[in-house]
Amino acid sequence: MSTDRRISTQTHGHVRMIGLDRAAKRNAFDLAMLRQLAEAFTEFEDDPQLRCAVVFAHGEHFTAGLDLAEVGPAVARGEPLFPAGAVDPLGLHGRVRSKPVVLAAQGYCLTLGIELMLAADIRIAASDARFGQIEIRRGIFPFGGATLRLPQVAGWGNAMRWLLTGDMFDAAEALRIGLAQEVVEPGKQVERAAEIAATIAAQAPLGVRATLATARTTVERGPEAALAGMMAEVRAIMGSDDAREGMQSFVERRAAKFTGA
């Protein structure tokens with residue numbers, strides 16, 4: 001297995017940029033690329049200075065999906081796709097990230113690409129993006145979260161329309177069904193995702209993470225489970241330095257400067 005770098009990382013302030021960097025192969029994921037993406041997510045999660053991430057792709061296409069010639073046999077053998085102890089970029093097994101991710105897609109966004117979108121929190125699509133959950137056409141079915149999340153995001157009928165046919169759809173359809181939150185001019189998707197990430201990163205980190213956690217609990221375990229811990233979380237955050245800074249900035253009519261404490 002090649003050890004060439006397939007994932008790029010850069011830091012802009014409190015935002016980590018995570019790039020799919022195998023453009024010559026349309027950013028198709030082999031085992032090395034899957035593991036490097038998990039490592040990048042883990043670094044993002046474990047760095048207290050990083051508050052939001054942008055996942056994007058170098059080249060014309062977000063991803064052609066999994067390199068099934070290599071990944072398929074590994075899955076059949078029961079091999080783990082991500083390193084032990086790493087954050088799962090798909091949010092399905094093991095460590096799950098607690099910080100928000102904004103994703104920007106362009107060109108082909110197939111199979112795993114859609115599942116990475118569904119695992120992200122906010123999704124921006126270039127108008128030239130073309131989507132396909134095409135596993136059904138390869139004799140298998142999606143196993144990276146599409147069958148779990150697309151019905152929640154798009155509704156049953158919309159999800160089954162694309163999951164059971166393997167047909168391709170465009171950015172306008174992605175926007176209609178909620179897979180994308182915004183559609184922008186090609187070439188602008190990373191810039192727009194970075195703008196949103198910078199806005200998130202300027203907010204109070206404790207509040208952002210609590211918002212994400214409560215919303216995720218609601219989706220995964222229901223409102224009652226989310227309510228059970230909500231008030232204790234609110235009371236703890238109300239006593240934080242950031243809550244005091246938020247109130248003081250309101251009184252002084254200035255932008256707050258949050259530290260995450």
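The dialogue below asks how several labels in this predicted model are justified.

Student: Why is leucine 20 called buried?

Tutor: Its relative accessible area is 0%. Buried means under 20%, so leucine 20 qualifies.

Student: Where does leucine 20 sit, and what does leucine 20 touch?

Tutor: Leucine 20 is in strand 2, residues 15-20. Its contacts include Arg6, Ile7, Phe29, Met33, Phe56 and Phe62, with residues up to four places away in sequence left out.

Student: How far is leucine 20 from aspartate 128?

Tutor: Their C-alpha atoms are separated by 18 Å. Along the chain they are 108 residues apart.

Student: What makes the pair arginine 244 and aspartate 241 a salt bridge?

Tutor: The N to O distance is 2.5 Å. The cut-off is within 4 Å, from a Lys or Arg side-chain nitrogen to an Asp or Glu carboxyl oxygen, so the pair passes.

Student: Why are these two separated by about one helical turn?

Tutor: Because arginine 244 and aspartate 241 are three residues apart in helix 10. An α-helix has 3.6 residues a turn, so residues three or four places apart point the same way.

Student: Are the two partners buried or exposed?

Tutor: Neither label fits. Arginine 244 has a relative accessible area of 48%, and aspartate 241 has 43%. Partly exposed lies between under 20% and over 50%, so both get that label.

Student: What are the salt-bridge partners of arginine 254?

Tutor: Glutamate 245 is one of them, with the closest N and O atoms 2.6 Å apart. Glutamate 252 also meets arginine 254 in a salt bridge, at 2.6 Å, N to O. Both values are within 4 Å, so both pairs pass.

Student: How do you know which of these three residues is buried?

Tutor: Set each value against the 20% limit. Glutamate 245 has 16%, so it is buried. Arginine 254, at 33%, is partly exposed. Glutamate 252, at 42%, is partly exposed too.

Student: Which residues are joined into one network by shared salt-bridge partners?

Tutor: Arg6, Arg22 and Asp30. The count for the model comes to 15 salt bridges.

Student: What makes a residue such as valine 75 eligible for a nonpolar surface patch?

Tutor: A patch residue needs over 30% relative accessible area and no salt bridge. Valine 75 is at 34%, so it clears the area limit. Valine 75 is in helix 2, residues 68-76. Leu68, Ile140 and Phe143 complete the patch, which is about 290 Å².

Student: Which residues touch the most other members of the largest nonpolar core?

Tutor: Phe62, Phe131 and Leu179, in a core of 50 residues. Helix 1, residues 31-46, gives the most to this core, with eight residues. Another core, of 15 residues, lies apart from it and includes Met17, Ile124, Ala193 and Ile196. In soluble globular proteins, nonpolar side chains tend to be buried together.

Student: How do you know that the length of helix 8 is close to the expected span?

Tutor: Helix 8, residues 205-221, has 17 residues. The expected span is 1.5 Å times one less than that number, so 24 Å is expected. Helix 8 reaches 24 Å from its first C-alpha to its last.

Student: What covers the buried residues of helix 8, and what follows the helix?

Tutor: The cover includes helix 7, helix 9 and helix 10. The buried residues are Pro205, Val208, Ala210, Leu212 and Thr217. Glycine 222 follows helix 8, with a positive phi near 100°.

Terms used: Residues numbered from 1 in each chain as written. Predicted model: local features only at pLDDT ≥ 70, side-chain atom pairs only at ≥ 80, totals over all residues. Heavy atoms only, no water. Helix = DSSP H or I, 4+ residues; strand = E, 2+ residues; numbered from the N terminus. Buried < 20%, exposed > 50% of the residue type's maximum accessible area, 1.4 Å probe, protein only. Contact = heavy atoms within 4.5 Å. Core = buried A, V, L, I, M, F, W, Y, C linked by side-chain atoms within 4.5 Å. Patch = residues over 30% accessible without salt bridge, like charges linked within 9 Å, V, L, I, M, F, W, Y side chains within 5 Å. Areas by Shrake-Rupley, 256 points an atom, 1.4 Å probe, with all protein chains shown as cover.
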